[in-house]
Amino acid sequence: MAETEIHRLVARCRSWEHPSLVAKMTSGWLILGERQIFTGYCLLLADPVVPHLNALAGPAREHFLADMARAGDALLAATGALRINY
């Protein structure tokens, strides 16, 4: 797989150099979006990087989706949003 911007973001997270790093999660890294279109806009980056959600299988997919739900719970609590768009 060719290196993408996602690969570069994950590399910065691994070295703890990403300025918007929120947390290391079981499946990867949670970062704040560069542009805060909506308050709390975040990205969950799988580590290792995969091309899309369906490329994850078994426990890796389960961990990623559980981490996504945990991030959503935290965003709901922190922002008071009515819902989270996953």
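## The loop between E3 and H2

Pro 48 sits in the loop that runs between E3 and H2. This structure is a predicted model. The peptide bond between Asp 47 and Pro 48 is cis, with an omega of about 10°. Most peptide bonds are trans, and most residues other than glycine have a negative phi.

## The loop between H1 and E1

Trp 16 belongs to the loop between H1 and E1. Its phi is near 60°, which is a positive value in a residue other than glycine. Trp 16 has a relative accessibility of 56%, so it counts as exposed, the cut-off for exposed being over 50%.

His 18 lies in the loop between H1 and strand E1 (21-24). Is His 18 buried or exposed? His 18 has a relative accessible area of 11%, so it is buried, since buried means under 20%. Leaving aside residues up to four places away in sequence, His 18 touches Leu 9, Arg 12, Cys 13 and Ile 31.

## Helix H2

Helix H2 covers residues 58-79, which makes 22 residues. At 1.5 Å a residue the helix should span 32 Å, and its end C-alpha atoms are 32 Å apart, so the expected span and the distance in the model agree. Just after H2 comes Gly 80, which takes a positive phi of about 70°.

Which residues of H2 are buried? They are Phe 64, Asp 67, Ala 71, Gly 72 and Leu 75. These buried residues cover an arc of only 140° around the axis, so they are on the same side of H2. An α-helix has 3.6 residues a turn, so residues three or four places apart point the same way. The buried residues of H2 pack against two strands, E2 (28-32) and E3 (42-46). On the other side of H2, the residues Pro 59, Glu 62 and Ala 77 are exposed.

## The largest pocket

The largest pocket has a volume of about 580 Å³. Its lining is made of 18 residues, and those nearest its centre are Tyr 41, Cys 42, Leu 75, Ile 84 and Asn 85. One of these, Leu 75, is also among the buried residues of H2.

Which element supplies the largest share of the lining of the largest pocket? H2 does, with five residues. E3 and H2 each supply at least two residues of this lining. Sorted by class, the lining of the largest pocket has 12 nonpolar residues, five polar and one charged.

## The second largest pocket

The volume of the second largest pocket is about 260 Å³. There are 16 residues in its lining, of which Ile 6, Leu 44, Leu 45, Ala 46 and Val 50 lie nearest its centre. Helix H1 (5-14), E3 and H2 each give at least two residues to the lining of the second largest pocket.

E3 gives the most to this lining, with four residues. How many residues of each class line the second largest pocket? The lining has 13 nonpolar residues, three polar and no charged ones.

How values were computed. Residues numbered from 1 in each chain as written. Predicted model: local features only at pLDDT ≥ 70, side-chain atom pairs only at ≥ 80, totals over all residues. Heavy atoms only, no water. Expected span 1.5 Å × (residues − 1). Buried < 20%, exposed > 50% of the residue type's maximum accessible area, 1.4 Å probe, protein only. Arc of directions from axis to C-beta. Contact = heavy atoms within 4.5 Å. 1 Å grid on protein atoms, 1.4 Å probe; cavity = no way out; pocket = protein on both sides within 12 Å on 5 of 7 lines; lining within 4 Å. Points joined across faces, edges and corners; volume = space filled by probe spheres on them. Nonpolar A, V, L, I, M, F, W, Y, C, P; charged D, E, K, R; others polar.
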